[in-house]
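The following exercises concern the architecture of one protein model. Please examine the sequence and the coordinates before working through the solutions.

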Amino acid sequence: MTLERLLIDVDYELLQGDLATEVADIAYDSRKVKDGFLFAAIAGTIVDGHKFIGGVIEQGASAIMVEKSLDEIEAEFGVKIPSDVAVIRVKNGREGLSLISQNYFEHPMKKMISIGITGTKGKSTTTYLIKNILEQTGKKCGIIGTIGVAIGDEVTPIEHTTPESYDLQSYINDIANAGCDYFVMEVSSQGVKMDRVAGMHFDYGIFTNITPDHIGENEHDDFNDYLRCKAALFDRCNIGIFNADDPHTAGIIENAHCIVKTYGVQGVQSQTMEITDEQYLSSCKSYTGKRDLVAVDVEHVNNDSELSMSFGLRGLINRNAKVGLPGLFNVYNALSAVTLGALIGVEDKKVIDAIKQVEVRGRVEAVPTGRDFSVLIDFAHNGVSTESVLKTLRGYEPGRLIAIFGCGGNRSKLRRYEMGEAVAKLADYAYVTSDNPRTERFEDIVEDIKVGLSKADIEYCVIEDRMEAVAAAVKNAKSGDMIVLLGKGHEEYQEIQGVKHHYSEREAVATALEQL
């Protein structure tokens, strides 16, 4: 592909070279540059990609995208770029990388109906609920998100919920080439902030909820920045589907540029509904003034340790329904997926059938024990999600609720205080253990967790080895107990001192059960 074709719709300046230069591929990692590649030099928060320009020239790069002038590059890094290497300059390297990547893969998302999901909680579960609904119609659906890239039953793990833009476009291209009619993607706030989705436009956008998270060093400066990044999805979609019961939905809808559809639960007071129709209509293409889909008569269901929720639907669909996952938050996840299904035109019965049986790896995932106690695995790794999961399980009236958890290293200490406090207030016993300590000492993380645990009277023990903590919990379980493993979810590793060691919650539980 020529450099000129790569630069369609990109605001750039040609510093030297020829737009007819052939580009074999694109790389933002200098180690992946080969003969004829374009190298995207990005001035990151930690590493400045311009420092690698000398190396990629030796590796045969035919073109380089930069954010600095030729004089600045030579002065800062001592590199004079040969005249036969084309150099283009953009104001924002990450945005530029996203745009040229879409051109390189020939805009694969335009070949499918696209659905973007944003929110603090519920994104992964909602993607799988939607996938189930769409596959009921015989259509093929691909997923990109926290759990990985899913095409059919094959899942490829990925490092970030929203991958770097070149990788993201490559995955979308794989999904399109696999014959998918739809693709569903978790749009993370970091993905927006880092311009990984710059230039992308979705057919549908979904907002699940928002609470403070990912705020701190190398993440978001404050909650307003986090909220702004979440809201950005609704400047780049045709139809927005919103949880009307979230108090922040009003502000997001007020500034959205899409057709608005909403869902909620009967009896939940919504601050969103206090906004007048005129305020909505002044900034949105369409708003009905009421929730388009409402859940009524919500009940917890526990059949032989199979936890689910039953409810009635009113609005876009009028039927009784059941979602095969526990908790009110999963009623909300189901509502967002059902709203989408109804808007796309899926038959009511197929929508209802699709949400009955759904399994989402690491999201309140029940592990068969063959015993008279339950074990569940969940990805909850902050205070809000931990509180939500524990309150949900309390609704099923367990004998004792036992939490196994830790907190990640090199992340906000606030998570540790809040997670510890949530466990202290809602669990009956806790095992404090390791969860991706990264480069921090386990003992230091535990001291922070103890600050939260001290907020209520709870018995707990500290066992650094997570396998041993799981084994202890299973060994000491009594009839009717619920053991919930928090924080790891779908992950199958422990990151310690920069090294990822294999670890699986499912394997840990299986080993513990064998030892009984």
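**Exercise 1: Overall dimensions**

The accessible surface of the protein amounts to about 21,900 Å², and 45% of this area belongs to carbon and sulfur atoms; areas come from the Shrake-Rupley method with a 1.4 Å probe, and for residues only the protein chains shown count as cover. The model is predicted: local features need pLDDT of at least 70, side-chain atom pairs count only at pLDDT 80 or more, and totals for chains, interfaces and linings use all residues. Residues are numbered from 1 along each chain as its sequence is written, and side-chain values use heavy atoms, with hydrogens and water left out.

Task: Determine which radius of gyration the protein has and how it relates to that of a compact globule.

Solution. Step 1: the rule for a globule is 2.2 Å times the number of residues to the power 0.38, with the radius taken over C-alpha atoms. Step 2: for 516 residues this gives a value near 24 Å, and the protein has 24 Å, which agrees. Step 3: along the principal axes, the C-alpha atoms fill a box of roughly 75 × 55 × 40 Å. Step 4: 57% of the 516 residues count as buried, where buried means under 20% relative accessible area, exposed over 50%, and partly exposed in between (1.4 Å probe, protein chains only). Step 5: among contacts with a separation of 6 or more, 68% join residues 24 or more positions apart; contact means heavy atoms within 4.5 Å.

**Exercise 2: The open sheet**

Task: State the strand order of the 11-stranded sheet and identify its edges.

Solution. Step 1: the protein has 17 helices and 24 strands in total; helices (H or I, at least four residues) and strands (E, at least two) are DSSP runs, numbered from the N terminus. Step 2: the order in the open sheet is β9-β8-β7-β10-β6-β11-β12-β13-β14-β15-β16, with mixed pairing; two strands pair if DSSP finds at least two bridges between them. Step 3: the edge strands, each pairing on one side only, are β9 (154-156) and β16 (320-323). Step 4: neighbouring strands are turned by 20° against each other on average, direction ignored. Axes are lines fitted to C-alpha atoms, for helices over the stretch in contact, and angles run from 0 to 180 degrees between N-to-C directions.

Step 5: within the sheet, β6 (residues 113-118) and β10 (residues 182-186) pair in the parallel sense over 5 bridges, and Ile115 stands opposite Val184 in β10. Step 6: helix α6 (residues 165-177) lies across β7 (141-145), β8 (148-151) and β10, at about 165° to β7. Helix α12 (residues 348-356) also packs on the sheet, touching β15 (306-315) and β16, and its direction makes about 30° with that of β16.

**Exercise 3: A hairpin and its glutamine**

Task: Is Gln494 buried or exposed, and which backbone atoms does its side chain reach?

Solution. Step 1: Gln494 lies in β23. Strand β23 (residues 493-496) pairs with β24 (residues 499-502) in the antiparallel sense over 4 bridges, with Glu495 opposite Lys500. Step 2: the hairpin has 2 residues between its strands, and Gln497 takes a positive phi near 50°. Step 3: the relative accessible area of Gln494 is 6%, so this residue is buried. Step 4: the side chain of Gln494 reaches the backbone oxygen of Ser434 at 3.1 Å, and a polar atom of that side chain lies 2.7 Å from the backbone nitrogen of Asn436.

Technical notes: Polar contact = N/O pair within 3.5 Å; in protein donor to acceptor, adjacent residues only side chain to side chain.
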